[in-house]
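Let's take a walk through this fold, one piece at a time. Keep the viewer open and follow along.

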Amino acid sequence: MKLSKPLYSVYERNLTASIPVDRLPHHVGVMVDGNRRWAALMGQTTKHGHQKGAERIIEFLGWCRELNIGVVTLYMLSTENLKRPASELGDLIGVIQDLLHELGESQIARLQPVGALDLLPDDLPATVEAVTAQTADVEGLHVNIAVGYGGRQEIVDAVRELLRDAAEEGKSAADVADTLTSEDISSYLYTRGQPDPDLVIRTSGEQRLSGFMMWQSAYSEFYFCEALWPDFRRVDFLRALRDFAGRQRRFGS
């Protein structure tokens with residue numbers, strides 16, 4: 001049953017009030033999935049689906065600011081996505097660039113790229129770096145833009161950098177192996193210095209990580225939502241937060 005706007009507003013307010021502020025996640029990871037399927041259902045082009053998804057991202061970040069969520073990581077372009085047909089990939093890159101420019105101008109959050117920028121096509125790396133500098137002084141919400149991102153690639157890049165630094169310090173591979181800890185690797189991840197995600201949300205009904213923050217999400221809570229990303233509403237986000245707040249987190253078991 002579809003609620004009228006007044007009833008919907010009341011439901012949304014009650015839902016917000018039901019979530020203890022001290023039980024909100026500090027870091028939320030989001031797999032923004034379902035843009036292509038949404039476009040197909042609507043009889044629209046794939047590019048239109050990505051554009052609607054970008055509009056939802058802007059709304060979503062506004063919700064996060066209202067709720068004082070500290071960190072958000074948006075999985076927008078995976079290393080696997082880079083293998084898509086050139087025409088579709090070009091459209092997706094264009095939508096991401098437009099979104100980044102809009103986020104930079106809005107100053108809604110401090111943006112940080114997480115991914116292998118050297119793998120990205122066209123001038124997307126330059127756009128990412130420009131908006132990173134443009135938002136460097138924004139306080140409050142911190143948003144990781146995962147583009148050219150793959151969880152395995154991140155771990156490989158972290159180990160490579162760790163080994164290079166060790167070599168510069170005159171350490172051998174054996175020296176590194178003898179003292180290596182999980183904290184050492186964490187300190188070389190794309191998200192170094194940040195808290196791991198408390199909550200990971202994936203839209204579109206798919207129930208897999210697809211390589212998203214494989215290291216950081218070891219103890220994350222997961223929430224899988226049936227809504228396609230362009231249809232993801234504030235109440236869907238609030239339901240995810242309510243579900244998270246009601247869980248008893250068990251680290252290591």
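Val200 in S5 is the bridge partner of Gly29. This is a predicted model, and that pair is a handy way into its sheet. Gly29 belongs to strand S1 (residues 27–31), which pairs with S5 in the parallel sense over four bridges. Now look at S5 and S6: they run parallel too, joined by four bridges. Here Ile201 has Tyr223 in S6 as its bridge partner.

While you're on S5, check where its side chains go. In a regular strand, side chains alternate between the two faces of the sheet. In S5, Leu199 and Ile201 point one way, Val200 and Arg202 point the other way, and all are buried. For the arginine, that means a relative accessible area under 20%.

Going back to S1, follow its pairing with S2, which is parallel over five bridges. His27 stands opposite Val71 in S2. Helix H3 packs on the sheet here, touching S1, S2 and strand S4 (142–149), and its direction makes about 165° with that of S2. Angles over 145 degrees count as roughly antiparallel, so H3 is roughly antiparallel to S2.

Now zoom out to the whole sheet. It is open and has six strands in the order S3-S4-S2-S1-S5-S6, with parallel pairing. Strand S3 (110–114) and S6 are the edge strands, each pairing on one side only. From one strand to the next, the twist averages 20°.

Next come the helices, starting with H2 and H3. The axes of helix H2 (residues 35–42) and H3 come within 8 Å and cross at roughly 120°. That angle makes H2 oblique to H3, and the crossing is right-handed. On the H2 side, the contact is made by Asn35, Arg36, Trp38 and Ala39, while H3 brings Thr46, His48, Gly49, His50, Lys52 and Gly53.

Past H3, in the loop that leads to strand S2 (71–78), you'll find Asn68. Is Asn68 buried or exposed? With a relative accessible area of 67%, Asn68 is exposed, because the cut-off for that class is over 50%. Asn68 and Leu141 sit 73 residues apart in sequence, yet their C-alpha atoms are 7.5 Å apart in space.

Last stop: helix H9 (residues 234–245). A quick geometry check first. At 1.5 Å a residue, its twelve residues should span 16 Å, and the end C-alpha atoms are 16 Å apart, which agrees. Why call H9 largely enclosed by the rest of the structure? Because nine of its twelve residues are buried. They are Arg234, Val235, Asp236, Phe237, Leu238, Ala240, Leu241, Phe244 and Ala245. What covers these buried residues includes helix H1 (5–17), helix H3 (46–66), strand S5 (199–202) and strand S6 (221–224).

Of those neighbours, H1 deserves a look of its own. The axes of H1 and H9 come within 10 Å and cross at roughly 25°. The two helices are therefore roughly parallel to each other, and their crossing is left-handed. To see the interface itself, select Tyr8, Tyr11, Glu12, Leu15 and Thr16 in H1, which meet Arg234, Val235, Leu238, Arg239 and Arg242 in H9. Arg234, Val235 and Leu238 also appear among the buried residues of H9.

How values were computed. Residues are numbered from 1 along each chain as its sequence is written. This is a predicted model: local features need pLDDT of at least 70, side-chain atom pairs count only at pLDDT 80 or more; totals for chains, interfaces and linings use all residues. Side-chain values use heavy atoms; hydrogens and water are left out. The expected span of a helix is 1.5 Å times one less than its number of residues. Buried means under 20% relative accessible area, exposed over 50%, partly exposed in between (1.4 Å probe, protein chains only). Contact means heavy atoms within 4.5 Å. Two strands pair if DSSP finds at least two bridges between them. Axes are lines fitted to C-alpha atoms, for helices over the stretch in contact, and angles run from 0 to 180 degrees between N-to-C directions. Angles under 35 degrees count as roughly parallel, over 145 as roughly antiparallel, 65 to 115 as roughly perpendicular and the rest as oblique. A crossing is left-handed if the near helix is turned anticlockwise from the far one by less than a right angle, and right-handed if clockwise.
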